[in-house]
Amino acid sequence: MRWARMVGALTLGAAVLVAPVGAASASAAPTVQVRNVQADADGCAVRFGARIVVRPQGRTVRVKYRWITGDGDRGPTRTLTFRGHGTKSKTVFDEQEFEDDASGWQAVQILSPRRFTSARARFDVEGCAEQEPEPEASVSLTVDDADSRGRCDGSDHRVTFDGVVRVTDGPATVRYRWRLDGRTVDDGSVRVSRSERLRHVLRPTASGSGTMTLEIWGPNRDADRVGYRVTCASAAPVAGVESV
């Protein structure tokens, strides 16, 4: 665990541990207590707080302490100084950030004037493990000649549609479907690392117009469409088109 130390005030509430100091009588000897040990989680960061309470009884009392963890880590040793009469207290806290899901506890260990360990502050954080990004696909479609003119009598007059499938955070298997005016004319799948090109060709048999759509799905859905128009050199009385 990475240790980061800060000092500040906390709203605390928990158990109290008391240790007498020295061999003097209970009425005259300074006492050390650790109160209000708690853990507050904020996302993947956890702040641990505790209040160290001392009755110096007119003496100078130096309290050495450190934070300890359930997996055996020990923080650096710190020293607090208390003087005077009555009850004195100081708040201490520790903060840790986790890169993975974690659970456990931390406590304050008093090293002097007498060694003891406080109650434990337990914590549980989830969702801190780094998530692998999901692939996302998109498609774009173009037509080589949106207003095509030529012979429609079986010659080499064609309308060519070119699609580009792009994937971020790939590779991914992408399924596709060519739809001519809502009717499926071809389909399949392609493995895409970054980008792949798809092509579909129409051979016009008569003058007419329409819309070609390229749809994709898996890992997500997307589509693009283009319109086209065909004018035959010798227009046939009934419009039609042949998909190849």
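This report describes one strand and its partners, and then the salt bridges, in a predicted model.

## Strand β5 and its neighbours

Strand β5, which covers residues 60-69, is mostly covered, since 7 of its 10 residues are buried. It pairs with strand β6 (residues 78-83) in the antiparallel sense over 6 bridges, and within this pairing K64 of β5 stands opposite T79 in β6.

Strand β5 is also joined by 6 bridges to strand β8 (residues 102-112), and these two strands run antiparallel. In β8, A107 is the bridge partner of I68.

## Salt bridges between strands

Side chains of opposite charge can pair when their charged atoms come close. A search of the whole structure finds 4 salt bridges, and one of them brings together the side chains of R199 and D162, at 2.6 Å from N to O. Because R199 lies in strand β16 (residues 195-204) and D162 in strand β13 (residues 159-168), this pair ties together parts that are 37 residues apart in sequence. R199 is exposed, with a relative accessible area of 57%.

## A network around E215

R177, R179 and E215 are linked in a network of salt bridges. In the salt bridge of R177 with E215, the closest N and O atoms are 2.7 Å apart; R177 lies in strand β14 (residues 172-180) and E215 in strand β17 (residues 208-217), so the pair ties together parts that are 38 residues apart in sequence.

The side chains of R179 and E215 meet in a salt bridge at 3.8 Å, N to O, and because R179 lies in strand β14 and E215 in strand β17, this pair ties together parts that are 36 residues apart in sequence. Within the network, R177 is partly exposed, with a relative accessible area of 23%, whereas E215 is buried, with a relative accessible area of 19%.

Note on methods. Residues numbered from 1 in each chain as written. Predicted model: local features only at pLDDT ≥ 70, side-chain atom pairs only at ≥ 80, totals over all residues. Heavy atoms only, no water. Buried < 20%, exposed > 50% of the residue type's maximum accessible area, 1.4 Å probe, protein only. Helix = DSSP H or I, 4+ residues; strand = E, 2+ residues; numbered from the N terminus. Pairing = 2+ DSSP bridges.
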